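Visitor: I should like to learn how the features of a protein model are read. May we look at one together?

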Amino acid sequence: MSSPLNNAHPSERARFRQTMQVEDDEIDLAALVGTLWRGKFLILFCAIAAVLMGGWYAYFQATPVYTSSATVALESRQEQVVDIESVVTGLSGDQATINTEVEVIRSRGLLEKLVNRLDLVQDPEFNANLRPEPRFSIGALVGLIRSLISTETEDLAVPSERSELDAVIDAVLEDISVSNIRQSYVFRITATTENPQKSAAFANTLAELYILEQLETKFEATEQATTWLTDRVAELQVQLEAAEAAVKDFNAGAELVSADALTGLNVQIKELRDRLGDTQIERDATAARLDALRVAAASNDIDVMAQTANDQTLNRVRQLMANSGQESPDRSAFDARFEQIVTRAQLEVSRAENQIGALQETIQQQEQQIVNQSADLVRLQQLQREAEASRLIYEFFLNRLKETSVQEGIHQSDSRILSQAVVPNRPSAPRKSLILALSMMLGLMFGSGIVLLREFAQNTFREPSELESRTGYTVIGQVPAIPARRRKNVLKYFVDKPTSAAAEAIRNLRTSVLLSNIDNPPKVIMSTSSIPQEGKTTQSMALALNLTGLGKRVLLIEGDIRRRIFSQYFELPNTNGLLSVLAGNLSLQDAVIRIDALGADVLIGEKAKTNAADIFSSERFAMLLETAREQYDYIIIDTPPVLAVPDARIIGRHVDAIVYTVKWDSTSHRQVREGLKAFEDVNLRVSGLVLGQINARGMKRYGYGDSYGAYNAYYDN
């Protein structure tokens, strides 16, 4: 009765679940077809409903419309009488130009001309204001709701002529389409209206207006260019005359300058600077000789003075003085000659100083002259360039003006009408057969989508096989929902209906639990679940009732001391229970309550100040279970949900079998997976799973009637 994975290590079960998740990610075509087959009635209903709606629309609601088309060819290469590319140019024919022309044909300006020419403002098909008010419309309903909700009164403004015209243009725009035939320069203008003659007139008139628009555009462009060029040429002429006058006035008021003259001045300055340098060197040498002569004169030594002066006359005077033989010869002649030499040296220094000053002054004057003439030359060249530029611009615009004047009156359009639109013989829409076929396909797709979406969005368990495949644990019981509105009527139902499907399911559950370990049959059985309201308490009581029917001594312990819901099933006196036994105030035999309807003893829970997990972790609780094993054949413990509190995992250490209840089509995959993992984390083995509160009608609705409910003939429900 147990799966090999029930006794497997938790890591092996985890690997099994991962393998099943990978397999679930793969698309099972057989399962997909099976899901669609189970929802065949819904799919068929959606298809029939869609066909009926499509037929109602095609035959009774849709208004027949007629489509007509005119074609226009784009002349990408044209021979102009006068080629003026800058003023009026032909279309290039590239894709960008073609797309642009498509938008030009659909432009609001061109459509406004179409509306005015065909007087579409007076056509009820395009002017909604001329149509009779419908008996029922969504807009009227929305307006009524707004008027009921809003307390403010809205003034209905009368639409202006412009707004009415814009609305008509919008309506026409929806019925006009323009497309380019691939790999060609041909446009197809298509009009769709409720009248065949009107459709043909739409297409032909729009093609004519488009060609006329091209001619008008070119004429207006040429006329505007001529007007602008005329004004521009006049302005440029005034500017040219002003620039030439400025050159003449400047030449009259400035010195005659040229680049060659400036070059000559620069050469002169260089020569003067060279002379100034030589003169400065000569002055320095003369000044040094003067200083040496003065030093020699101060020494009053004839030999030193003669050597410093280096003068032949002075040397001869010194020689005569030496040959005179006098001890103190007369040196007046020598001193007079030396004084002459000193005076001449002073004159040379003074003359050099004067030459340096004169050269420096000349250089400064010529430099200033060069600066002035350079500025004048730059200004003159600038004025000449401006005058030349003005002349070139004036001549260019003057030539353009003459060319544009010649171009006026010889324009031709860039397109021509290739074929006129003809009056259609039959309506283009609605295509009734196509509407019916598409409606059926959409209905089938919509119904299939609902079935698949409902199936894929399902995150709960509906079949035992799915529960086993996703968890790796054996499903040891399938308990249907008990038709009892009040919990106090649950036991009465089992007593009154011993052969019902629920009673038989509990017997099957009892058999599976007792045979879960043949070598060591369980005596202490714990019932738990992932979350509250999954039916574990009802199953615990039903299992206790079934075991007492075998003549066994059974003890039912209320392990969920936080909620204590046994009182909702029995009429219990306000007595002591589990905590009193654990505290040593009462013995187990004195604390239990005999429930005749159940045929078993019940140990109720009590409100505790101490945490429940600490109570069940105590040695007294383990001793209590050992005492109960000696006095009873079976002990069933109803515990809190494992995801809510840790009580179930603590109690599970002392039991022989753990029955894990999963509510049908309610508990999510994640909750069951996390609840089982909580037991595996503390190395506790779940003996089996119970799929509880199964709804037979729901099973049939989901298409599982063949696997559940096929044996109702054997039950007395």
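Guide: Let us begin with a definition: two strands pair if DSSP finds at least two bridges between them. Please note also that this is a predicted model. Here, strand β6 (residues 524-529) and strand β10 (residues 634-638) are joined by four bridges and pair in the parallel sense.

Visitor: Which residues stand opposite each other or act as bridge partners in β10?

Guide: M526 faces I637 in β10, and S527 has D638 as its bridge partner. Strand β7 also pairs with β10 in the parallel sense, over five bridges; there, V554 is partnered by Y634.

Visitor: What holds such strands together in general?

Guide: Strands of a sheet pair through backbone hydrogen bonds, in a parallel or an antiparallel sense. In this model, eight strands form an open sheet with mixed pairing, in the order β5-β12-β11-β6-β10-β7-β9-β8. Its edge strands, β5 (475-480) and β8 (593-595), each pair on one side only. On average, neighbouring strands of the sheet are turned by 25° against each other, direction ignored.

Visitor: Which helices pack on this sheet, and what do they touch?

Guide: Among them is helix α16 (residues 501-514), which touches β5, β6, β10, β11 (657-663) and β12 (688-694). The direction of α16 makes about 165° with that of β5. Helix α17 (residues 536-548) lies across β5, β6, β7 (554-558), β9 (600-603), β10, β11 and β12, and runs at about 170° to β10.

Visitor: How should the two faces of a strand be read?

Guide: In a regular strand, side chains alternate between the two faces of the sheet. In β10, Y634, I636 and D638 lie on one side and I635 and I637 on the other, and all are buried, leaving both faces covered. Because five of the five residues of β10 are buried, the strand is largely enclosed by the rest of the structure.

Visitor: How is the buried side of a helix recognised?

Guide: An α-helix has 3.6 residues a turn, so residues three or four places apart point the same way. Helix α21 (residues 619-631) offers a case: its 13 residues reach 19 Å from the first C-alpha to the last, close to the 18 Å expected. F621, A622, L624, L625, A628 and R629 are its buried residues. Seen down the axis of α21, the buried residues fall within an arc of 155°, so they line one face of the helix.

Visitor: Which exposed residues does the face of α21 turned away from its buried side carry?

Guide: That face of α21 carries E619, M623 and E630.

Visitor: How is a pair of aromatic rings described?

Guide: The description uses the distance of the centres and the angle of the planes. The count here comes to eight aromatic pairs. One of them joins Y493 and F494: the ring centres are 6.1 Å apart and the planes stand at 75°, so the pair is edge-to-face. Both Y493 and F494 are buried. F616 and F621 are likewise an edge-to-face pair, at 5.0 Å centre to centre with 75° between the planes, and both of these residues are buried. W228, F396 and F397 form one aromatic cluster.

Visitor: Where is P427 found, and which residues is it in contact with beyond its neighbours within four places in sequence?

Guide: P427 is in the loop between β4 (415-419) and α13 (432-456). Beyond those neighbours, P427 contacts P64, V65 and Y66. P427 and V65 are 362 residues apart along the chain, while their C-alpha atoms are separated by 5.3 Å. P427 counts as partly exposed, at 39% relative accessibility.

Definitions and conventions:
Residues numbered from 1 in each chain as written. Predicted model: local features only at pLDDT ≥ 70, side-chain atom pairs only at ≥ 80, totals over all residues. Heavy atoms only, no water. Helix = DSSP H or I, 4+ residues; strand = E, 2+ residues; numbered from the N terminus. Axes fitted to C-alpha atoms, helices over the stretch in contact; angles between N-to-C directions. Contact = heavy atoms within 4.5 Å. Expected span 1.5 Å × (residues − 1). Buried < 20%, exposed > 50% of the residue type's maximum accessible area, 1.4 Å probe, protein only. Arc of directions from axis to C-beta. Phe/Tyr/Trp six-rings, centres within 6.5 Å; stacked < 30°, edge-to-face > 60°.
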